[in-house]
Amino acid sequence: VALLLTGFLKHHMDAMEAQSGYMMPALKYLVRISMGPNEETFKICVEFWQTFSARVYLQNQSPSFGAMGAGAPLLMDGMRRDANQQRERLKLYAPLLAEVRQVLISKMVKPPEVTIKENEEGHIVRVEEEDTDELALYKMMREALIYLTHLDPEHMENLVLQRVAHECLERKDTLERWCPTMLNHLCWAIGSISGAMQESEEKKFVVSVIRDLLKLCDLKKGKENKAAVASNIMYVVGQY
């Protein structure tokens with residue numbers, strides 16, 4: 001179903017957008033599919049959201065922008081619209097894009113790892129992780145989140161800070177049985193949007209995130225839990 005729906009939307013986007021009564025239910029259904037546990041289905045959905053968010057962003061930036069080329073049917077289909085149409089379109093999509101942000105943040109995959117090794121000549125070199133399906137998925141999710149941040153940086157900032165506050169400060173009663181999985185996904189998502197906000201806003205955003213993470217580290221009991229929080233703090237700091 002996901003493959004059929006995304007393929008149809010990609011190749012008939014302009015026609016579907018002209019009929020919002022059909023377009024919005026289709027996109028909402030795709031959001032629900034994105035929440036499912038099947039990894040292959042999720043990859044199909046992520047690929048669509050990456051392309052769709054890029055299309056909406058490019059249209060919003062340059063309403064008279066021409067075709068993007070034969071390699072991207074979703075982007076090249078109906079790129080010409082005036083500024084008023086684009087503002088109305090973005091307003092229509094705003095609640096849906098908010099849901100997409102939440103899904104991608106909650107399911108963000110692990111970023112690529114970089115290790116330091118000594119090569120045959122005795123030189124210390126950086127070795128990046130080889131291309132894998134998970135790395136490809138991370139790159140697609142990262143690009144989608146960056147476009148979604150550009151489209152509404154205030155919502156992205158508020159959403160992330162609410163998630164951090166919930167994870168760090170509103171779950172004091174569950175600290176004993178706390179699992180760092182959701183925190184990992186959240187911090188990987190935070191790291192992926194580095195550079196997507198205005199510099200002044202980004203500085204305040206990162207300070208708020210780190211402050212709450214440090215509070216969480218203080219609240220945690222046990223070396224393993226503290227180490228899990230500390231590693232996420234180091235990752236976020238390293239990305240910014």
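## Overall organisation

A contact here means heavy atoms within 4.5 Å. Among contacts in the chain between residues at least 6 apart in sequence, 67% join residues at least 24 apart. The model under discussion is predicted.

The chain holds 11 helices and two strands. Read from the N terminus, its elements follow the order α-α-α-α-α-α-β-β-α-α-α-α-α. Of the 240 residues in the chain, 43% count as buried.

## Packing of H1 with H3

Near the beginning of the numbering, helix H1 spans residues 2-11 and helix H3 spans residues 20-34. Their axes lie 11 Å apart, and the two helices pack at an angle of about 140°. An angle over 145° would count as roughly antiparallel; H1 and H3 are therefore oblique to each other. The crossing of H1 with H3 is left-handed.

On the H1 side, the contact is formed by Ala-2, Leu-5, Thr-6 and Leu-9. H3 contributes Met-23, Ala-26, Leu-27, Tyr-29, Leu-30 and Ile-33. By class, the residues of this contact comprise nine nonpolar, one polar and no charged.

## Packing of H9 with H10

A second helix pair consists of H9, residues 181-192, and H10, residues 199-219. The axes of H9 and H10 come within 12 Å and cross at roughly 160°. Because angles over 145° count as roughly antiparallel, that description applies to H9 and H10. Their crossing is left-handed.

From H9, the residues in contact are Leu-183, Cys-187 and Ile-190. From H10, they are Phe-205, Val-209, Leu-213 and Leu-216. The contact of H9 with H10 is made up of seven nonpolar residues, with no polar and no charged ones.

## Cysteines and burial

Which cysteine of H9 takes part in the contact with H10? This residue is Cys-187. Its relative accessibility is 1%. Since buried means under 20% relative accessible area, Cys-187 counts as buried. Cys-45 has a relative accessibility of 0% and therefore also counts as buried.

How many disulfides does a search of the whole structure find? The search returns zero disulfides. A disulfide would require a pair of cysteine sulfur atoms within 2.5 Å.

Technical notes
Residues are numbered from 1 along each chain as its sequence is written. This is a predicted model: local features need pLDDT of at least 70, side-chain atom pairs count only at pLDDT 80 or more; totals for chains, interfaces and linings use all residues. Side-chain values use heavy atoms; hydrogens and water are left out. Axes are lines fitted to C-alpha atoms, for helices over the stretch in contact, and angles run from 0 to 180 degrees between N-to-C directions. Helices (H or I, at least four residues) and strands (E, at least two) are DSSP runs, numbered from the N terminus. Angles under 35 degrees count as roughly parallel, over 145 as roughly antiparallel, 65 to 115 as roughly perpendicular and the rest as oblique. A crossing is left-handed if the near helix is turned anticlockwise from the far one by less than a right angle, and right-handed if clockwise. Ala, Val, Leu, Ile, Met, Phe, Trp, Tyr, Cys and Pro count as nonpolar, Asp, Glu, Lys and Arg as charged, and the others, Gly among them, as polar. Buried means under 20% relative accessible area, exposed over 50%, partly exposed in between (1.4 Å probe, protein chains only).
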